[in-house]
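Okay, thanks for having me. Let's pull up the structure and talk about where the nonpolar residues sit.

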Amino acid sequence: ELYDAFVMHGGGDDPDGVPALLMRTNIAMGGTPLSGIDDKEWLAKFLEVRRESIRHPANRATKKVWSEATGRIDVFVNLLAIGNTNFHGPITVRGDFKGLVP
């Protein structure tokens, strides 16, 4: 998930960059997994923060394209929901990125 976030958001210092997403997640959770926060709860919050950034980006020029990419978050939400945080395969994803195929 973090790799995918870096690919889409980048590692820059803009409000939609991964460092900003991490900071907002850490603030919302009151810490990080290293400080004792449950890693699955932290990841769920990160996905929520990332989805919000995709829906309402600071750079308005990216809004249309990014709004069409919220499905990529659904894939990670579904993997987290089924407990596949280690990405054990096979993993089948529909072409429209709406989530995992049942």
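Let's start with I91, which lies in the segment after α5; helices here are DSSP runs of H or I, at least four residues, and strands are E runs of at least two, numbered from the N terminus. One caveat: this is a predicted model, so local features need pLDDT of at least 70 and side-chain atom pairs 80 or more, while totals for chains, interfaces and linings use all residues. Residues are numbered from 1 along each chain as its sequence is written, and side-chain values use heavy atoms, leaving out hydrogens and water.

So, is I91 buried or exposed? In between: I91 is partly exposed, at 34% relative accessible area, where buried means under 20% and exposed over 50%, with a 1.4 Å probe and protein chains only. Together with F87 and V93, I91 makes a nonpolar surface patch of about 220 Å².

Back to α5 itself, residues 71–81. Its buried residues are G71, I73, V75, F76, L79 and L80, and they pack against α1 (2–9) and α3, contact being heavy atoms within 4.5 Å. After α5 comes G83, with a positive phi near 80°.

Now the inside. The largest nonpolar core (buried Ala, Val, Leu, Ile, Met, Phe, Trp, Tyr and Cys joined through side-chain atoms within 4.5 Å) has ten residues, among them M8, L47 and W66. Helices α3 and α5 each supply at least two of them, and α5 gives the most, with five. There's also a second, separate core of eight residues, including M29, W42, F46 and V49.

Technical notes: Patch = residues over 30% accessible without salt bridge, like charges linked within 9 Å, V, L, I, M, F, W, Y side chains within 5 Å. Areas by Shrake-Rupley, 256 points an atom, 1.4 Å probe, with all protein chains shown as cover. Salt bridge = Lys/Arg side-chain N within 4 Å of Asp/Glu carboxyl O.
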